[in-house]
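Q: Please take a close look at one part of the structure shown below, and then set that part in the context of the whole chain. A formal, connected account would be welcome.

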Amino acid sequence: MAIVESRVNAWGALTGQGSGQGGAVPTGERQGAAGGLSELRPALRPGLEIAELISQHGIPYILARSSHSGQPFYLRLTPEELRLAELMDGTRTMDELVAAFADISGRMAPGEVARVVADLRARRMLDDDLPSHPGLRPVEGAGGRSGLGAGLLGFLTGRRVAAISVDLLTDVVYRIGGRLLFTRAATALALIVTVAGFGVFVKDWAEGTRSLFLTNGSYLTGAAALLAVNLLVLATHEAGRALATKHAGRRVPVAGLCLRFGLPGVSVDATDAWMAGRRGRLIATATGPAAVVTAAGAVELLGLAVPGLAPAAFKFAALGYLSTLIALSPFLALDGTALLTDWLEIPNIRARALAWLRGRGRVEDAEGRLIARYALL
């Protein structure tokens with residue numbers, strides 16, 4: 001899933017694709033400025049869901065959601081760009097949209113209009129009959145690879161899921177008790193369990209009384225046990241995200257098994273939490289790792305009370321802490337980067353940092369300097 005900021009002003013500074021702003025463009029130059037797109041007539045796909053949100057700095061923005069072919073796609077727009085998108089009904093040419101956008105925004109910006117159309121198309125928000133054109137290139141991170149090789153790579157890295165519908169089940173679990181996990185009392189209890197259980201884990205690790213790789217004296221059995229435990233850890237992480245998404249009032253359409261670099265994993269589609277606003281997204285993203293470390297603490301305390309369960313509890317806790325450490329890394333395309341993105345409110349910060357490292361971006365403002373520092377780290 002990618003959230004794309006379609007304002008070409010920022011992207012032009014960061015990826016070297018033009019400013020998209022400035023003075024008026026003479027009528028005779030419109031076609032060239034818009035990349036030869038004059039006669040294209042984009043049409044917005046019906047059924048888009050629109051959420052009007054406010055950033056932490058008090059700046060309004062729009063998050064659009066499309067569920068074409070059952071897969072959700074998201075796009076972040078400014079209010080001006082939403083008004084432009086609403087004019088795309090298949091009757092207006094690109095030149096007419098450029099003129100309309102000038103009336104809306106007070107500036108003649110054919111490059112920005114082309115960029116918005118490209119972003120909408122990449123996110124499956126335009127009708128399929130729009131002809132292909134080299135001038136319709138989405139911003140970094142908006143598109144996706146296609147073909148057999150890309151599909152196989154996507155499956156091996158966890159982006160292709162053998163899934164079933166779980167929205168009703170998640171809703172029932174949330175209503176009959178899952179909602180209580182988001183109360184202050186539950187949060188305080190989870191913190192106590194996490195700290196106490198981590199203390200037990202550190203003690204066992206320091207004493208060397210538990211083995212991570214051996215089970216009943218066998219490495220083969222130990223490897224099988226670790227795969228099973230890792231699946232439980234991933235399921236705990238995804239269950240936490242699913243309940244948090246329900247807590248934000250959004251849907252959890254599918255869940256299922258996948259492969260993550262050749263290893264079995266669990267995946268839950270909780271991306272609908274993006275429509276819940278910044279606070280809802282932060283809670284949904286953070287709840288997955290929080291659920292894992294709380295569960296790790298709980299099973300370690302259970303192992304302390306029931307010694308027969310201690311070896312399995314140690315394995316669960318070790319994998320849980322390791323997976324949480326990786327998931328919260330701010331440099332991988334995982335929960336840590338998602339939290340950083342929402343905290344700083346810089347969409348696609350990792351993709352934009354990689355573009356800067358490849359020499360495709362220029363540092364021209366405070367946001368650009370922040371992305372440059374992130375890229376260097």
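What is the relative accessible area of Glu 52, and does this residue count as buried or exposed?

A: The model is a predicted one. Glu 52 has a relative accessible area of 67%; because exposed means over 50%, Glu 52 counts as exposed. The residue belongs to strand 1, which covers residues 49–54. Beyond four places in sequence, the contacts of Glu 52 are with Tyr 61 and Ile 62. Both of these partners fall within strand 2 (60–66). A further spatial relation links Glu 52 to Pro 79: the two are 27 residues apart in sequence, while their C-alpha atoms are 8.6 Å apart.

The surroundings of this strand lead to the interior of the model. The largest nonpolar core has 23 residues, and those touching the most other members are Leu 84, Met 88, Met 94, Leu 97, Val 113, Val 116 and Leu 120. At least two residues of this core come from each of strand 2, strand 3 (73–77), helix 3 (79–86), helix 4 (94–105) and helix 5 (110–122). Strand 2 thus supplies core residues and also holds the contact partners of exposed Glu 52. Another core, of 15 residues, lies apart from the largest one and includes Val 229, Val 292, Val 293 and Phe 314.

Some enclosed space is found as well. The structure contains two cavities of 30 Å³ or more, and the second largest of them holds about 30 Å³. Its lining consists of Leu 44, Leu 48, Ile 50, Ala 64, Leu 77, Leu 82, Ala 85, Leu 120 and Met 125. Ile 50, one of these lining residues, is in strand 1 with Glu 52, and Leu 120 appears both in this lining and in the largest core.

After helix 5 the backbone shows a notable value. Arg 124, in the loop between helix 5 and helix 6 (148–156), has a positive phi near 60° although the residue is not glycine. With a relative accessibility of 36%, Arg 124 is partly exposed. A comparable case is Asn 216, another residue other than glycine, whose phi is positive at about 55°. Asn 216 is placed in the loop between helix 8 and helix 9 and is exposed, its relative accessible area being 79%. A positive phi, of about 80°, also occurs at Gly 359, just after helix 13. That helix spans residues 349–357, and its buried residues are Ile 349, Ala 351, Arg 352, Ala 353 and Ala 355.

Elsewhere in the chain, helix 10 offers a contrast to the setting of Glu 52. Thr 285 is in helix 10 and is buried, with a relative accessible area of 12%, whereas Glu 52 is exposed. Outside its neighbours within four places in sequence, Thr 285 contacts Asp 335, Ala 338 and Leu 339. Ala 291 is also part of helix 10; beyond four places in sequence, Ala 291 contacts Thr 236 and Gly 240. Ala 291 and Ala 239 stand 52 residues apart in sequence, with a C-alpha to C-alpha distance of 8.2 Å.

The second largest pocket involves this helix too. That pocket has about 570 Å³ of space and is lined by 21 residues, of which Leu 181, Thr 187, Ala 190, Thr 287 and Ala 290 are the closest to its centre. Helix 8, helix 9 (219–247) and helix 10 (278–305) each contribute at least two residues to this lining.

For the chain as a whole, there are 14 helices and six strands, and 46% of the 377 residues are buried. Among contacts with a separation of 6 or more, 65% join residues 24 or more positions apart. The accessible surface amounts to about 18900 Å², with carbon and sulfur atoms accounting for 62%.

Confidence varies along the chain. The mean pLDDT is 79, and 77% of the residues reach at least 70. By element, helix 8 (residues 184–207) has the highest mean pLDDT, 95, and helix 1 (residues 8–15) the lowest, 29. The value stays under 50 over residues 1–35, where the model has 101 contacts beyond four places in sequence, and likewise over residues 139–147, which have 24 such contacts. Predicted coordinates should not be read in detail where pLDDT is low.

Conventions. Residues are numbered from 1 along each chain as its sequence is written. This is a predicted model: local features need pLDDT of at least 70, side-chain atom pairs count only at pLDDT 80 or more; totals for chains, interfaces and linings use all residues. Side-chain values use heavy atoms; hydrogens and water are left out. Helices (H or I, at least four residues) and strands (E, at least two) are DSSP runs, numbered from the N terminus. Buried means under 20% relative accessible area, exposed over 50%, partly exposed in between (1.4 Å probe, protein chains only). Contact means heavy atoms within 4.5 Å. Accessible areas come from the Shrake-Rupley method with a 1.4 Å probe; for residues, only the protein chains shown count as cover. A nonpolar core is a set of buried Ala, Val, Leu, Ile, Met, Phe, Trp, Tyr and Cys residues joined through side-chain atoms within 4.5 Å. pLDDT is the predictor's confidence in each residue, from 0 to 100. On a 1 Å grid over the protein atoms alone, a cavity is a set of points where a 1.4 Å probe fits but cannot get out, and a pocket is an open set with protein on both sides within 12 Å along at least five of seven lines; lining residues have an atom within 4 Å of a point. Grid points are joined across faces, edges and corners, and a volume is the space filled by probe spheres set on the points.
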